[in-house]
Amino acid sequence: VYTDDNGDWTMRGLPTGDDYTVRFIDGNDTYLSEFYEDSPRRSGATPVALQQGSTTANIDAALTAAASIAGRVVDEQGNGIADVQVYVAFNGLLDDRVTEYFFTDSNGEFSADRLRPGDYRVLVSDIYNAQTVYRSEWFENQYDPLTSDVVTLAAGENLTGFDVELIAIDDPEYALAPSIEV
């Protein structure tokens, strides 16, 4: 079902007796999808029960404008690094439910789109490449997520120029933690 010019919508002919889950999706990707009533996840949706012979009104949503982060991952010479993963962790949690990840293209560029407004921690890593060459890094130049800088995005904000330089593992500046023998 599509909304009209005023944002109103009607769906007819649904059977009664079952609860329905209603999801609002912007086909233009300008706004974030949500479930009724104001939940980003299906598990948090409020079920809608239908009564025979009546119209269930006020099943509405106010969609939030999506935010984005775009930038480039480069080596120490400024060359773009392809196929690096950029993790964008909502509220700083590396968790499948709140983390999005994106790969850099052949020029090292990435765009993390359709993000919710809020605080993020960003991890840049090539650990999933066949041969790990660069040290993973949290923004900005941190190797511990708890000390990494938080990136705050407002609704509709498009943060560009989010560039990261990764250090090669074989670089003399790269210091490994001391090993412990037992």
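Gly44 sits in the loop between strands S3 and S4. Its relative accessible area is 39%, so Gly44 counts as partly exposed. Along the sequence, Gly44 and Glu34 are 10 residues apart. In space, their C-alpha atoms are 9.9 Å apart. The model is a predicted one.

**The loop between S3 and S4**

Strand S3 covers residues 34-35, and strand S4 covers residues 48-49. Glu37 is found in the loop between them. The peptide bond that leads from Tyr36 to Glu37 is cis. Its omega is near 15°.

Asp38 is found in the loop between S3 and S4 as well. Its phi is positive, at about 65°, although Asp38 is not a glycine. Is Asp38 buried or exposed? Its relative accessible area is 60%, and exposed means over 50%, so Asp38 is exposed.

**Another cis bond**

A cis peptide bond also joins Phe139 and Glu140. Here omega is about -5°. Glu140 lies in the loop between strand S10, residues 137-138, and strand S11, residues 151-153.

**The loop between S5 and S6**

Strand S5 runs over residues 67-74 and strand S6 over residues 85-90. Asp75 has its place in the loop between them. Which side chain of opposite charge is nearest to Asp75? It is Arg72, at 7.9 Å. Asp75 is buried, yet it has no salt bridge. A salt bridge needs the charged atoms to be within 4 Å, so the 7.9 Å to Arg72 does not qualify.

The side chain of Asp75 does reach a backbone atom. That atom is the nitrogen of Gln77, at 2.9 Å. What else does Asp75 touch, once its neighbours within four places in sequence are left aside? Asp75 is in contact with Ile81, Tyr134, Glu165 and Leu166.

Asp83 also has its place in the loop between S5 and S6. Its phi is near 60°. That is a positive value in a residue other than glycine. Asp83 has 46% relative accessibility, so it counts as partly exposed.

The table sets out four residues by accessibility.

| Residue | Relative accessible area | Class |
|---|---|---|
| Asp38 | 60% | exposed |
| Asp83 | 46% | partly exposed |
| Met11 | 44% | partly exposed |
| Gly44 | 39% | partly exposed |

**A nonpolar patch**

Met11 comes in the segment before strand S1, which covers residues 19-20. Which residues make a nonpolar surface patch? Val1, Met11 and Leu14 make one of about 270 Å². A patch residue needs over 30% relative accessible area, and Met11 has 44%, so Met11 meets that cut-off.

**The whole chain**

How many helices and strands are there? The chain has 0 helices and 13 strands. Read along the sequence, the pattern is therefore one β after another, as each element is a strand.

The chain has 182 residues, and 31% of them are buried. Asp75 is a buried residue. The accessible surface of the chain is about 12,000 Å². Carbon and sulfur atoms account for 45% of that surface.

Now take the contacts with a separation of 6 or more. Among these, 64% are between residues 24 or more positions apart.

Note on methods
Residues numbered from 1 in each chain as written. Predicted model: local features only at pLDDT ≥ 70, side-chain atom pairs only at ≥ 80, totals over all residues. Heavy atoms only, no water. Helix = DSSP H or I, 4+ residues; strand = E, 2+ residues; numbered from the N terminus. Buried < 20%, exposed > 50% of the residue type's maximum accessible area, 1.4 Å probe, protein only. Lys, Arg positive; Asp, Glu negative; His and termini not counted. Polar contact = N/O pair within 3.5 Å; in protein donor to acceptor, adjacent residues only side chain to side chain. Contact = heavy atoms within 4.5 Å. Patch = residues over 30% accessible without salt bridge, like charges linked within 9 Å, V, L, I, M, F, W, Y side chains within 5 Å. Areas by Shrake-Rupley, 256 points an atom, 1.4 Å probe, with all protein chains shown as cover.
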